[in-house]
Amino acid sequence: MTKSYHPDSALPAALHTEALEARVALRMTVHLHRAAQGLPHEITERLRFGREQALAAARRQRAAAVVLPQLVGVGERSAALGNPPSLWLRLVSALPLVVLLAGLVLIQQHHDSEQISAAAEIDSALLADELPPAAYGDPGFSEFLHSHEAP
Amino acid sequence: MASDKELSDFLKSVEKRAFKRTVYAVRDEDGALDVVQDAMIRLAEKYADRPAAELPLLFQRILSNATMDWFRRQKVRGAVLQNLSDFETDDTDGDFDLLESLESAEGMLGAESAADTVARSQILLAIETEVAALPTRQREAFLLRYWEELDVAETAAVMGCSEGSVKTHCSRAVHALAQALRTKGIAP
């Protein structure tokens, strides 16, 4: 199969056309480039504003990218502190419970000793009285006491 | 990672072309400014950590997406789809000699005199008008390939199509522009 050649070129016809297209296109874009360079001041200013906005956005993004790993690091350290608690931390956290139990025991002991001392006072009063304790078991004596208490 | 200066320099180098390219697409300067600003901010927010060499391709893709988003917001997607189908109907002018047209267009453009500013502005206006009138995909391929100087593979990646489609779109765009210039008889 033989390739067809353009009469004015050593290139095959297809390549010649392609090269010609590229040359024409590039010359047209030279004109377009001139048009782009001659934009009104208002347009170039708005483009400059847009560019600055974009650069500010990029700076914000970079700052966030720096701060985020630091926050993650702090979070990881916090998690490490709370996850396997140290012996001291466990002892300190148990301290309020120990204090509460000790307080309850002391209150109970104080209450028992109060009851014992009250009973001892009653016993000593009974024993020191002239009336024998057995008299309080006598129904006649009880009746006597009731009749004297009533007006 | 692209530094602040690299990002700034890149945006500065690309913003005017991006604006013109978007104006051709949306035909509204305010809308184009919004789209370009949106694309620049998206690039800075999401891809500022990428190497500077990757920024051009990423930006072109973001700009294309931002332009499509603008069309969606404007609820003119139907018009865009209509334009997309335009490139299927290029064969109506059967006796048009593409090569002749290209060669004559090259001659006109190549012979442009820098001193003749009036003629130059006429050519410029004509080219801009014709570029804006191209079907969307052809214009996109033409501008990315020849103005942004992306290669065929990069253009295909930005446009989300095959390299063959890029070549077809570019070829049709160049021929359409050359034919339009020839029809207008633009001579420098």
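**Close-up views of chains A and B**

**View 1. Helix H2 of chain B in the predicted model.** Helix H2 of chain B covers residues 29-47, 19 residues in total, and spans 26 Å between its first and last C-alpha, close to the 27 Å expected at 1.5 Å a residue. Buried positions in H2(B) include Gly31(B), Leu33(B), Val36(B), Met40(B) and Leu43(B). The chain around this helix has 9 helices and 0 strands. Of the 188 residues of chain B, 48% are buried. Among contacts in chain B between residues at least 6 apart in sequence, 70% join residues at least 24 apart.

**View 2. The largest nonpolar core, with residues from both chains.** This core has 35 residues, and those touching the most other members are Leu7(B), Leu11(B), Phe19(B), Leu43(B) and Phe59(B). At least two core residues come from each of these helices: H2 (41-82) of chain A, and H1 (4-26), H2 and H3 (55-74) of chain B. Phe19(B) touches Leu39(A), Ile43(A) and Leu47(A) in chain A, and Glu29(B), Ala32(B), Leu33(B) and Val36(B) in chain B, leaving out residues up to four places away in sequence. A second, separate core of 30 residues includes Leu32(A), Ala126(B), Ala141(B) and Cys161(B). In soluble globular proteins, nonpolar side chains tend to be buried together.

**View 3. The ring pair Phe10(B) and Phe59(B).** Over all chains, the structure holds 5 aromatic pairs. In this one the ring centres of Phe10(B) and Phe59(B) are 5.8 Å apart and the planes meet at 85 degrees, so the pair is edge-to-face. Phe10(B) belongs to helix H1 of chain B and Phe59(B) to helix H3 of chain B, so the pair ties together parts 49 residues apart in sequence. Phe10(B) is buried at 12% relative accessibility, and Phe59(B) is buried at 0%. In chain A, Tyr136(A), Phe141(A) and Phe144(A) form one aromatic cluster.

**View 4. Surroundings of Ala36(A) and Glu130(B).** Ala36(A) lies in helix H1 (residues 13-37) of chain A and is buried, with a relative accessible area of 0%. Neighbours within four places in sequence aside, Ala36(A) contacts Lys16(B), Arg17(B), Lys20(B) and Trp147(B). Glu130(B) sits in helix H6 (residues 117-133) of chain B. Glu130(B) has a relative accessible area of 18%, and counts as buried because the cut-off is under 20%. Glu130(B) touches Leu177(B), Ala180(B) and Lys184(B), not counting residues up to four places away in sequence.

**View 5. The salt bridge between Arg21(B) and Glu140(B).** The closest N and O atoms of Arg21(B) and Glu140(B) are 2.8 Å apart. Arg21(B) is in helix H1 of chain B and Glu140(B) in helix H7 (residues 136-147) of chain B, so the bridge ties together parts 119 residues apart in sequence. Arg21(B) is buried at 3% relative accessibility, and Glu140(B) is buried at 16%. A search of the whole structure finds 14 salt bridges over all chains.

**View 6. Salt bridges within single helices.** Glu52(A) and Arg48(A) form a salt bridge at 2.7 Å, N to O. The two residues lie 4 residues apart in helix H2 of chain A, about one turn of the helix. Glu52(A) is partly exposed at 38%, and Arg48(A) is partly exposed at 31%. In helix H3 of chain B, Asp69(B) and Arg72(B) are 3 residues apart, and their side chains meet in a salt bridge of 2.7 Å, N to O. Asp69(B) is partly exposed at 22%, as is Arg72(B) at 43%. Salt bridges with shared partners join Asp38(B), Arg42(B), Asp69(B) and Arg72(B) into one network.

Technical notes:
Residues are numbered from 1 along each chain as its sequence is written. Chains are lettered from A and ligands numbered from 1 in the order in which they are written. This is a predicted model: local features need pLDDT of at least 70, side-chain atom pairs count only at pLDDT 80 or more; totals for chains, interfaces and linings use all residues. Side-chain values use heavy atoms; hydrogens and water are left out. The expected span of a helix is 1.5 Å times one less than its number of residues. Buried means under 20% relative accessible area, exposed over 50%, partly exposed in between (1.4 Å probe, protein chains only). Contact means heavy atoms within 4.5 Å. A nonpolar core is a set of buried Ala, Val, Leu, Ile, Met, Phe, Trp, Tyr and Cys residues joined through side-chain atoms within 4.5 Å. Rings of Phe, Tyr and Trp (its six-membered ring) pair if their centres lie within 6.5 Å; planes under 30 degrees apart count as stacked, over 60 as edge-to-face and the rest as tilted. A salt bridge is a side-chain nitrogen of Lys or Arg within 4 Å of a carboxyl oxygen of Asp or Glu.
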